[in-house]
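User: Could you take a close look at one part of this protein for me? I would like one connected walk through a loop and what lies around it.

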Amino acid sequence: MRAIVISKNGGPDVLQIRELPDPVPGDGDVLIRVRAFGVNHAETHMRKGEWAEAAQVSGIECVGTIAHDPSGGLAEGTTVAAIMGGMGRTRNGSYAEYVAAPITNVAKLDTTLSWPDLAAIPESYATAWSTLHGNLALQPEHTLLVRGATSALGQAAVNIAHALGATVVATTRRRERAELLRSLGADHVVIEDGSIADNVRELVPGGVDRVLDLVGNSVLRDSLRATRPDGRVCQAGFLGGLGPVDQFLPIADMPSGVQFSFFGSFEVGTEHFPIAAIPLQDIVSKTEAGEYSAEPARVFRFEEIAEAHRVMESSDALGKLVVEVG
């Protein structure tokens, strides 16, 4: 099979297409013919050697069809999505024509969406749904602040929260992207400069009920300041970089009553975060019906993976980047 390998740590051009043996599914695995996959920030960190674990073949998600299920549970040709399960980290991932994935991280889907359109959904929407309904316990009466809202995950969160009936405050660093966020369901757009708590509190006196922070440690203190005393903050991304929070001191930096948590999408499919708990089929159906706007921002050919990584790192992605496998 053709696979995209990390030939060494470095820039996008270290991603090289090589011929590798087809993977052999082990106990509890299925073999998937990959038809398309999403590109994620985590994979750029893996490519550069900034992630603790990285396989030779990257890729933490994909959509495709079952090529072989040793258990016989899924018929050949069944449409599926696969998320995490060590793909791209502790086992070769989805940047290939075939991938062996744990059945615990595979969801059967019925859809009329094209492969690229379907590939824009799994990781972003599964993570957004998990953070909003799990960590944040978002309700229709809540006001939600989404920091890093023009990212693929941020856009998914705005979509889901708006459809739920919550009031959404979304941030972007670029004023010209405000209309995109409003079209996805944002009620208010705040220009992100790393220090927006006062602006948010002007919009929402007393502070917001919930914060989904995808910018990360560089704005954590500010996110906490923007939250009401009985509110919740969930960090689920590091768009602002992987550096730690300098001299973070809970007694000084944590407002009383505010709950802070983290969600790592690499936990999807584990015992405590089963993929069956995420309504992926319902999310796909809502996308087909136009309730969610989940189409990819741009689709690349397999041979254009380096360019896809360049676009991702330029902050010009403006949504989900997808690679279609020929």
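**A close look at the Pro140 loop**

Analyst: Happy to help! Leaving out residues within four places in sequence, Pro140 is in contact with Leu164, Gly165, Ala166 and Thr167. Please keep in mind that this is a predicted model.

Where does Pro140 sit? Its place is the loop between helix 3 (122-135) and strand 8 (143-147). Pro140 counts as partly exposed because its relative accessibility is 40%, and buried would require under 20%. For a sense of distance, take Arg221: Pro140 and Arg221 lie 81 residues apart in sequence, and their C-alpha atoms are 26 Å apart in space.

Let us step back to the helix that comes before this loop. Helix 3 is made of 14 residues and reaches 19 Å from its first C-alpha to its last, close to the 20 Å expected at 1.5 Å a residue. Helix 3 is largely enclosed by the rest of the structure, because 11 of its 14 residues are buried. Among them are Pro122, Glu123, Ser124 and Tyr125, and the buried set also includes Leu132 and Asn135. Just after helix 3, Ala137 takes a positive phi of about 45°.

Now for the other side of strand 8. Thr150 is found in the loop between strand 8 and helix 4 (152-164). Is Thr150 buried or exposed? Thr150 is buried, because its relative accessible area is 12% and the cut-off is under 20%. Not counting residues up to four places away in sequence, Thr150 touches Gln155, Thr171, Thr172, Arg177, Leu181, Leu318 and Gly319. So the two loops can be set side by side: Pro140 is partly exposed, while Thr150 is buried.

Finally, here is the setting for these parts. The protein has 10 helices and 15 strands. Its radius of gyration is 19 Å, which agrees with the value near 20 Å that a compact globule of 326 residues would have. Along the principal axes, the C-alpha trace spans about 60 × 40 × 35 Å. Buried residues make up 54% of the 326 residues. Among contacts with a separation of 6 or more, 69% come from residues 24 or more positions apart. The accessible surface comes to about 13600 Å², and carbon and sulfur atoms account for 48% of that surface. As for charge, the mean positions of the 27 positive and 41 negative charges are 4 Å apart.

Key: Residues numbered from 1 in each chain as written. Predicted model: local features only at pLDDT ≥ 70, side-chain atom pairs only at ≥ 80, totals over all residues. Heavy atoms only, no water. Helix = DSSP H or I, 4+ residues; strand = E, 2+ residues; numbered from the N terminus. Rg over C-alpha atoms; globule rule 2.2 N^0.38 Å. Buried < 20%, exposed > 50% of the residue type's maximum accessible area, 1.4 Å probe, protein only. Contact = heavy atoms within 4.5 Å. Areas by Shrake-Rupley, 256 points an atom, 1.4 Å probe, with all protein chains shown as cover. Lys, Arg positive; Asp, Glu negative; His and termini not counted. Charge placed at Lys NZ, Arg CZ, Asp CG, Glu CD. Expected span 1.5 Å × (residues − 1).
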